[in-house]
Amino acid sequence: MNVSKQMEAEKRNHQKLGQELELFMSMEEAPGMPFFLPNGMIVRNELENYWKQKHYKAGYQEIKTPIMMKQKLWEQSGHWEHYHENMYFSNVDKQNYAIKPMNCPGAILLFNSKRRSYRELPIRYAELGLVHRHELSGSLNGLLRVRSFTQDDAHLFVELSQIEAEISRILAFIHDFYSHFGFDYKVELSTRPEKFMGDIETWNQAEKSLQSVLSEKGLDYQVNEGDGAFYGPKIDFHILDSLGRSWQCGTIQLDFLMPEKFDCMYIGEDNKPHRPVMIHRAIYGSVERFMAILIEHYEGQFPLWLAPVQLKLLPIALPHVEYAYKVKHELESQGYRVEVDDRIEKIGLKIREAEMMKVPYMAVIGDKEVENELLAMRKHGKKNIGTISVEDSAVYLSKEMNSNGVY
């Protein structure tokens, strides 16, 4: 990275901006387990709400599975053999438990909770699941490398004949997500690792299925030999931010083995039991890490729908404060996030501080605005919009929200 790019990256550092914009904190009392401040929770909730809307429309069912489950479950899934050094454990009622590092066994238990028919498939479970993984203290890095995070998982149970169509559908879904945030991305096919479960023939079949869909979609991809999950090959997505840096986020993993380990079955059209294939899939990767990437990608200047405060009202003097709060309540009733800076300070200082907090819009309120029920609107970056009515300001904000394609 050249010097100018390095300087730009430092300016966009998500830990620095996270502190300045009051988004999140890291504390010694919980290393690698971030604390989210009110502003950060707004960004996080908007990301999760968008995720939920999109999944509901795409035919997914949202689930929630326990954070801690018995150790024998993780032994059965293979995580104990392949991953126990990165897991946290507890003992309850003289039984060993593990805090989940991944969400997949919980989804399998739900699939197995009742008799299934081929008519139900594909079943698409989606989960914003809190997981914990032990990372070395020296590797922790803000929201990018943490010990507790929310993985935006989906686990799909499909028939063999549905694999390629479902993966094709997921590829389009992921493209839609990343395009919404303005990300280009690269695709990578990761193949069988040295330590793997199952037989080579099953692995070859799984890898061939993934290659077939990528080729059919006409997607350029690189092969990453030996970097698959221990239970199956995967397609990884590397998004490119505004500095051209690559971040691995999304993944699609094809799994013939976990359904076998848990004896997953559905009754086919022939009235006989059949084994489903499981697809593991994430888009954000983790909500925390994706937030960190967005903070740096946007340099903290979030699009309107994500901004913690969308409009800051700046009364010039004490007589203008009452009208400012009236406007705040009116716009908040329409769903906008509005704050009033009612401090007895010079208006120039209020504008500068709102700019530093990267608030998308601000409105100065003086005698003229109070008398005529107007707002002197400004856009972040010192661009004056002009004096408009409160009603027109709501229309202005609404147009930008709709252009984001969220509401």
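Let me start in helix H2, residues 14–20, where Lys16 and Glu20 sit 4 residues apart, about one turn of the helix. Their side chains meet in a salt bridge, at 3.5 Å from N to O. Keep in mind that this is a predicted model. How exposed is each partner? Lys16 is partly exposed at 33% relative accessibility, and Glu20 is partly exposed at 41%.

Now a pair in helix H3, residues 38–57: Arg44 and Glu48 are again about one helical turn apart, because 4 residues separate them. They form a salt bridge whose closest N and O atoms are 3.2 Å apart. Are these two buried or exposed? Arg44 is buried, with a relative accessible area of 9%. Glu48 has 14% and is buried as well, because the cut-off for that class is under 20%.

Across the whole structure, the search finds 23 salt bridges. As background, side chains of opposite charge can pair when their charged atoms come close.

Next is a pair that does not sit within one helix: Lys379 is in strand S19 and Glu400 is in helix H14, so this salt bridge ties together parts that are 21 residues apart in sequence. The closest N and O atoms of Lys379 and Glu400 are 3.6 Å apart. Lys379 counts as partly exposed, at 25% relative accessibility. There is also a network: Lys11, Arg12 and Glu299 are joined by salt bridges that share partners.

Strand S19 takes us to the sheet it belongs to. This is an open sheet of 5 strands, in the order S17-S16-S18-S19-S20, and the pairing is mixed. Which strands stand at the edges? They are S17, residues 338–340, and S20, residues 383–389; each has a single partner strand, so one side of each is left without a neighbour in the sheet. On average, neighbouring strands here are turned by 25° against each other, with direction ignored.

Within that sheet, S18 (residues 361–365) and S19 (residues 374–379) run antiparallel and are joined by 4 bridges. One residue pair to look at is Met362, whose bridge partner in S19 is Arg378.

Two helices pack on this sheet. Helix H11, residues 321–332, touches S16 (311–315), S17, S18 and S19, and its direction makes about 170° with that of S17. Helix H14, residues 390–403, touches S18, S19 and S20; the angle between its direction and that of S20 is about 130°. H14 is also the helix that holds Glu400, the partner of Lys379 in S19.

The second sheet I want to show is open too, with 3 strands in the order S4-S6-S5 and antiparallel pairing. Its edge strands are S4 and S5 (88–92), each pairing on one side only. Neighbouring strands of this sheet are turned by 35° against each other on average, direction ignored. S4 and S6 (residues 95–99) pair over 3 bridges in the antiparallel sense. There, Met69 has Ala98 in S6 as its bridge partner.

Last, the surface beside that edge strand's sequence. Met68 is placed in S4, residues 68–70. Ile67, Met68 and Leu130 make a nonpolar surface patch of about 210 Å². How exposed is Met68? Its relative accessible area is 33%, so Met68 is partly exposed, and that value also passes the over 30% needed for a patch residue.

Notes. Residues are numbered from 1 along each chain as its sequence is written. This is a predicted model: local features need pLDDT of at least 70, side-chain atom pairs count only at pLDDT 80 or more; totals for chains, interfaces and linings use all residues. Side-chain values use heavy atoms; hydrogens and water are left out. Patches are made of residues with over 30% relative accessible area and no salt bridge: like charges are joined within 9 Å, nonpolar side chains (Val, Leu, Ile, Met, Phe, Trp, Tyr) within 5 Å. Accessible areas come from the Shrake-Rupley method with a 1.4 Å probe; for residues, only the protein chains shown count as cover. A salt bridge is a side-chain nitrogen of Lys or Arg within 4 Å of a carboxyl oxygen of Asp or Glu. Buried means under 20% relative accessible area, exposed over 50%, partly exposed in between (1.4 Å probe, protein chains only). Two strands pair if DSSP finds at least two bridges between them. Axes are lines fitted to C-alpha atoms, for helices over the stretch in contact, and angles run from 0 to 180 degrees between N-to-C directions. Contact means heavy atoms within 4.5 Å.
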